[in-house]
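Here are a few short exercises to work through with the model open. Try each one yourself before you read the solution.

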Amino acid sequence: MISRVGVVADGASGHLPADFINPIFAYSLNRKLRYLYKGEWFRFREGGVEKDYPSNTPNFDNEVRLVRMYDQKEKYGVDKVDAIAPSEAAEPLLIERNNLIVSVFEAGHYLEIKGLESLVVDEFHILATCKSDYPRPAFGMWGDNQSITIEPSTEAVGKFTVNRNRGGMLTNYGNTYGCFYGFDASQNKQRVMSVNDIGHNVKTETVASIDNIAIGRKDSRYYNGEVLEVVMHLSDLEQHNGSTITNNTIEYYNGYQ
C-alpha cells in the first residue's frame, strides 16, 4: 500500500464522502470512502496478472492497467456495483505521482457502471477528482435525449452539463469538483446547478431514461485525462452536506496538481 505524505488524513467517522449519507456509488483509487469499509479499492493488471489493491501494491516501473474500481458504498436496497473496463483495450493506465495513484484515460478507455441507471433522477450531487487539458467527459450518464457530464479542463473553462443546462467548472479547487443539481433551500427552493458552491438558477430539465453510466465516456465522446475518485449521491444528501464532503475532499487532495 502506498504511504500518503502531506495530506489530511480525513478518517473521522462521518467525514468521509460515503458516511454522511449513503451514495449510490463510491469509487476511489487512493482511500477508503466509508469509515467501516474494509474491502479492496481497485483491481489492476500487471504483467498479464490481475491483483487487488491495497492487498497488493503495483510496481509502477511496469505497465499497470486499471481493471475495475470497487464500489465502497453501503446503501440499503441498492447493490454494490463496481466500475469495470469492458475489455483489456478499454483499461486505463495507472501511474503513481506525488504519492497518489492516478488513472490515465486515452481515447477508448472507460469504465462501465451497470445496474444503477434507473435510480438517477433530477436531484443529485456528484463528487469527482479528475483533470484534463480540455473539456471532455471524465464522467457521463446518457440515454434517449438525456445527457449529464462532468468535463474538467486546465486550459479552458470546464463544464458540468445536465441536458441543455451548463455550468462552469473552475480549477482553483485542486481539481476536485462537487457538482450539485437540485433545489436550493436558500433561494426559496429554486432549481440550481452549482460547482463547488458557485452556480446559478436554471430551468428544470427532467432527468429520466438514463441508459448508460460511465467513467471516461459519454456516448461516442471519450475522455483524455485523469481520474482519482467519483462519488454520486441522490437528493437524500442535503446541499450543505454536499458542500462539506466536497471541501473535505479538496483538502485531502490538496497536493494533486
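**Exercise 1. Find the residues that form a nonpolar patch on the surface of this predicted model, and say how much accessible area they have together.**

Solution. Pick out V157, L170 and I198: these form the patch. Together they have about 260 Å² of accessible area. Now zoom in on L170, which sits in the loop between β13 (165–169) and β14 (176–184). With a relative accessible area of 42%, L170 is partly exposed. That fits the patch rule, because a member needs over 30% relative accessible area.

**Exercise 2. Work out how many disulfides the model has, looking at C130 and C179.**

Solution. Start with the cut-off: the two sulfur atoms have to be within 2.5 Å. Next, take C130, whose closest cysteine sulfur is in C179, 8.0 Å away, so that's too far for a bond. Going the other way, C179 has the sulfur of C130 as its nearest, and C179 is in no disulfide either. The count comes to zero. As for their surroundings, C130 is buried at 1% relative accessibility, and C179 is buried too, at 0%.

**Exercise 3. Name the residues that touch the most other members of the largest nonpolar core, then list what I215 is in contact with.**

Solution. The core has 56 residues, and the ones touching the most other members are F25, I113, F139, F160 and I215. For I215, skip the neighbours within four places in sequence. What's left is Y27, M69, A83, F105, Y110, L111, I113, A138, F139, V227 and V230. Check that list against the first step: I113 and F139 turn up in both.

Note on methods: Residues numbered from 1 in each chain as written. Predicted model: local features only at pLDDT ≥ 70, side-chain atom pairs only at ≥ 80, totals over all residues. Heavy atoms only, no water. Core = buried A, V, L, I, M, F, W, Y, C linked by side-chain atoms within 4.5 Å. Buried < 20%, exposed > 50% of the residue type's maximum accessible area, 1.4 Å probe, protein only. Contact = heavy atoms within 4.5 Å. Patch = residues over 30% accessible without salt bridge, like charges linked within 9 Å, V, L, I, M, F, W, Y side chains within 5 Å. Areas by Shrake-Rupley, 256 points an atom, 1.4 Å probe, with all protein chains shown as cover. Salt bridge = Lys/Arg side-chain N within 4 Å of Asp/Glu carboxyl O. Helix = DSSP H or I, 4+ residues; strand = E, 2+ residues; numbered from the N terminus.
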